[in-house]
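Dear colleague,

I am handing over a structure for you to look at, and below it you will find some notes on how its aromatic rings are arranged. Please keep the structure open beside the text as you read.

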Amino acid sequence: RCENLFEVYLQLQQQVMAASTELGPELLPRLLERFNEVLSSLVKSSFLVEKQPPQVLKTQTKFQASVRFLLGPRLLKAAPKPYMVRADMVTEKQARELELSNYSNILSESTGEILHNTVALETNPTSGTCCANFKNVLLKKIKRCERKGSESVTEEKCAVLFSTNVVLTPSNVSIHLQVLSLPIVVIVHGNQDNNAKATVLWDNAFSDIERVPFVVAERVPWDKMCDTLNLKFMAEVQTTKGLLKEHYFFLAQKIFNDHSASPEDFQSRHVSWAQFNKEILPGRGFTFWQWFDGVLDLTKRCLKSYWSDRLIMGFISKQYVCKLLSMKPDGTFLLRFSDSEIGGVTIAYVIRGKDGSSQVENIQPFSAKDLSIRSLGDRIRDLEQLRNLYPNTPKDQAFGSHYNKEQTGKD
């Protein structure tokens with residue numbers, strides 16, 4: 001599309017120059033000035049980030065990125081030597097000022113120190129592309145901003161600014177090219193990763209395409225949040241089996257701390273950033289996102305095949321489990337994600353007494369570490385009190401394909 005626009009520009013320019021004598025000495029200079037403005041705008045918009053830096057970026061960690069100049073192969077043919085592209089960290093405030101100036105301002109000061117941050121803008125004759133590939137970049141340190149209110153460092157967004165000066169041929173016009181990466185959250189320790197991912201997810205999911213950097217809504221419709229959690233779950237776990245309506249109902253009860261509303265009631269509600277990842281869940285020591293991200297990690301590492309086979313009910317409350325199992329035969333069980341622990345899956349099963357009374361037991365949750373020692377399928381096979389997966393599938397039929405062959409002899 002950029003190439004096509006450039007061709008249109010060249011054709012119009014040729015037509016104007018061909019009619020220069022007819023246009024007169026007053027109109028021609030104004031038209032040529034306007035053409036230079038259009039050319040500058042077109043060229044600047046053709047400079048873009050092809051490979052984004054990681055949106056959660058840890059200091060003292062190498063990363064890669066690349067920028068591409070779409071019109072480079074056409075406009076930089078006669079350059080005596082490659083132009084150099086520079087990468088600098090900028091704050092949200094600096095990004096906003098650049099945006100408001102339509103990227104005509106020059107960055108005065110980088111907000112962090114990046115090593116190996118200058119790379120040649122090179123044209124590849126085979127592919128016909130003009131790119132600068134940052135392969136060995138390292139963010140050495142970051143200069144933090146003054147934060148507002150209760151904002152934490154993992155809510156602070158910055159970006160990488162890529163910039164270069166080029167001289168276009170044959171017009172000999174000098175243009176300063178600048179482009180911003182997607183928002184980045186910089187962390188200095190691995191324990192900040194979870195909260196940083198929350199900031200990035202919220203920004204990616206709920207920001208407008210045309211916006212002042214990096215403004216994003218504080219409250220969003222619950223149905224949009226459902227779509228986001230579902231897409232995130234399927235992408236992280238790498239499964240085609242997404243969340244179901246009953247899962248959304250449980251998640252709504254959890255994030256809104258409301259067990260009296262109906263599924264329809266939640267559809268008209270808005271969820272805030274604070275409810276998502278600032279407020280601690282009642283009676284717990286973690287936020288909604290910290291809990292959900294723990295489920296993501298556990299499922300991705302240990303439960304992908306079980307989830308994809310729909311053997312895990314997962315997102316269901318302990319109270320509703322009791323309701324489902326209390327009327328079932330002895331040994332009926334189901335699997336749910338732990339409410340009390342981050343990244344745990346538990347097995348709930350019913351014990352029915354001789355008098356017909358029922359009692360639902362919950363086995364202590366298994367963590368990823370537990371399941372790396374012995375798989376979930378083998379643990380279910382080990383537990384003789386488990387007979388049928390809810391509603392009524394014999395456990396060997398449901399989980400047989402997930403059993404590992406037992407070693408004989410020394411174990």
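A charge is taken to sit over a ring if NZ of Lys or CZ of Arg is within 6 Å of the ring centre and within 35 degrees of the ring normal. In this model, which is a predicted one, the charged end of arginine 269 sits in this way over the ring of phenylalanine 256, 5.4 Å from its centre. Lysine 254, in turn, lies over the face of tryptophan 291, at 4.4 Å from the ring centre.

Turning to rings that pair with one another, a search of the whole structure finds 25 aromatic pairs. One of them joins tryptophan 202 and phenylalanine 276, whose ring centres are 5.5 Å apart and whose planes stand at 45 degrees, so the pair is tilted. Because tryptophan 202 lies in helix α5 (residues 193-206) and phenylalanine 276 in helix α9 (residues 273-277), this pair ties together parts that are 74 residues apart in sequence. Tryptophan 202 and phenylalanine 276 are both buried.

A further pair is formed by phenylalanine 249 and phenylalanine 266, with ring centres 6.0 Å apart and planes at 55 degrees, so this pair is tilted. Phenylalanine 249 belongs to helix α7 (residues 245-256) and phenylalanine 266 to helix α8 (residues 263-267), and the pair thus links distant parts of the chain, 17 residues apart. Phenylalanine 249 is partly exposed, with a relative accessible area of 26%, whereas phenylalanine 266, at 1% relative accessibility, counts as buried.

With best wishes

Notes: Residues are numbered from 1 along each chain as its sequence is written. This is a predicted model: local features need pLDDT of at least 70, side-chain atom pairs count only at pLDDT 80 or more; totals for chains, interfaces and linings use all residues. Side-chain values use heavy atoms; hydrogens and water are left out. Rings of Phe, Tyr and Trp (its six-membered ring) pair if their centres lie within 6.5 Å; planes under 30 degrees apart count as stacked, over 60 as edge-to-face and the rest as tilted. Helices (H or I, at least four residues) and strands (E, at least two) are DSSP runs, numbered from the N terminus. Buried means under 20% relative accessible area, exposed over 50%, partly exposed in between (1.4 Å probe, protein chains only).
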